[in-house]
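Hello,

Here is the structure I promised to pass on to you. Please have it open while you read, and my notes will follow below.

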Amino acid sequence: MTKEEKFPVVDRTKAKVIAYIVVAAFMAIMIVFGLRSAGQTPLHEGDQRRSITCKWCEGSGKLEGERCPYCLGAKKLKAVIPGPNHPVRVRGTVWDLSRFSSREEAEEKAAAEDYEQVYLKARDQTVSRAKVRFKNDSEEFLLEGKVSGRFWGFVKPGEYTLTVEHPEFQTYETEFTVPVREHPVWPEIPGVEIEDEDQLELELFLKK
Ligand SMILES: [Zn+2]
């Protein structure tokens, strides 16, 4: 009698099913815990995590008669009260001044920039892949511009020298203060877009 005959096909199928169930259960646990920890904003020095009244339903648990999609009816949410080191989200666009008849025209165009609109390709009046750098004696944050001229990233509050560099343009330099965040940092909720009230938008202009 060979080993093969001692284990009928039926039993092996059962064993396989059990193995699949074990793997599926393990994956489910990993996904649930993974999502939960991904939804938690990391703490920085001076931050505090606190359960506070939900901003959207103002603690009623309801929005327009339905269960509040932010706190899921719990009325409170675990948010981070940001300290002076909590990074600030910065986004913006680098514009090519040579593509405008005047600086005013460029500023007008920049002021109307709609960040809901997504651009994946190079655009007519923007500078592709510029380097936006925030630097002081102790810190340096480099935000790499995209091909569309947009850039985004996080910068710690503080006073910086801001430079915008691109090999085909004159380097732009200015003093720039990133203010400390004023609003709570709400947890990430899958499928729900939360506006970052402390986000900075920077429209930058380069000369040839
Ligand atoms: Zn709510």
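What follows is a short tour of what I found, from the overall layout down to single residues.

Before anything else, please keep in mind that this is a predicted model.

**The overall layout**

The protein contains three helices and 11 strands. If you walk along the sequence, the pattern reads α-α-β-β-β-β-β-α-β-β-β-β-β-β. Of the 208 residues in the protein, 16% are buried. Looking at contacts with a separation of 6 or more, 62% are between residues 24 or more positions apart.

**The open sheet**

A good place to begin is an open sheet of three strands, in the order S8-S5-S11 and with mixed pairing. Which strands stand at its edges? They are S8 and strand S11 (200–206), and each has a single partner strand, so one side of each has no neighbour in the sheet. On average, neighbouring strands here are turned by 25° against each other, with direction ignored.

Within this sheet, S5 and S8 run antiparallel and are joined by six bridges. If you would like one pair to look for, Gly-92 has Phe-151 in S8 as its bridge partner.

**S6, S9 and S10**

Next, have a look at S9, which is bridged to S6 and also to S10. S6 and S9 run antiparallel, with five bridges between them. One of the pairs to find is Lys-131 with Glu-165, the latter in S9.

On to strand S10 (residues 172–178), which runs antiparallel to S9 and is joined to S9 by seven bridges. Here you can look for Glu-159 and its bridge partner in S10, Thr-177. A hairpin of six residues connects S9 to S10.

As general background, strands of a sheet pair through backbone hydrogen bonds, and they may do so in parallel or antiparallel fashion.

**The nonpolar cores**

The largest nonpolar core is made of 16 residues. Val-94, Val-127, Ala-130, Val-132, Val-164 and Leu-206 have the most contacts inside this core. Which elements give two or more residues to the core? These are strand S5 (88–96), strand S6 (131–135), strand S8 (150–155) and strand S9 (158–165).

Apart from this core lies another one, of nine residues, including Cys-57, Leu-77, Ala-79 and Trp-186. In soluble globular proteins in general, nonpolar side chains tend to be buried together.

Val-127, from the 16-residue core, is worth clicking on. Leaving out neighbours within four places in sequence, Val-127 is in contact with Val-94, Trp-95, Asp-96, Gly-145, Gly-149, His-166, Phe-169 and Leu-206.

**Phe-154 and Lys-156**

Phe-154 sits in strand S8. Is this residue, Phe-154, buried or exposed? Phe-154 counts as exposed because 12 other C-beta atoms lie within 10 Å, and the limit for that class is 12 or fewer. Not counting residues up to four places away in sequence, Phe-154 touches Pro-87, Val-88 and Arg-89. His-86 is 68 residues from Phe-154 in sequence, and their C-alpha atoms are 9.3 Å apart in space.

Lys-156 is in the loop between S8 and S9. With 18 other C-beta atoms within 10 Å, Lys-156 is partly exposed. Its contacts, leaving aside neighbours within four places in sequence, are Asn-85, Pro-87 and Glu-139. Pro-87 therefore appears in the contacts of Lys-156 as well as in those of Phe-154, given that contact is set by C-beta atoms within 7 Å. Between the C-alpha atoms of Lys-156 and Arg-181 there are 9.7 Å, and the two are 25 residues apart along the chain.

**Two residues with positive phi**

Finally, check the backbone at Glu-58, where phi is positive, about 50°, although Glu-58 is not a glycine. Glu-58 lies in the loop between strand S1 (48–53) and strand S2 (62–63), and is exposed, with 12 other C-beta atoms within 10 Å.

Leu-72, not a glycine either, has a positive phi of about 55°. You will find Leu-72 in the loop between strand S3 (66–67) and strand S4 (76–81). Leu-72 counts as exposed, with 12 C-beta neighbours inside 10 Å.

Enjoy exploring, and do write back with any questions.

Best wishes

Technical notes:
Residues are numbered from 1 along each chain as its sequence is written. This is a predicted model: local features need pLDDT of at least 70, side-chain atom pairs count only at pLDDT 80 or more; totals for chains, interfaces and linings use all residues. Helices (H or I, at least four residues) and strands (E, at least two) are DSSP runs, numbered from the N terminus. A residue is buried if 20 or more other C-beta atoms lie within 10 Å of its own, exposed if 12 or fewer, and partly exposed in between; C-beta atoms are placed from the backbone. A nonpolar core is a set of buried Ala, Val, Leu, Ile, Met, Phe, Trp, Tyr and Cys residues joined through C-beta atoms within 7 Å. Two residues are in contact if their C-beta atoms, placed from the backbone, lie within 7 Å. Two strands pair if DSSP finds at least two bridges between them. Axes are lines fitted to C-alpha atoms, for helices over the stretch in contact, and angles run from 0 to 180 degrees between N-to-C directions.
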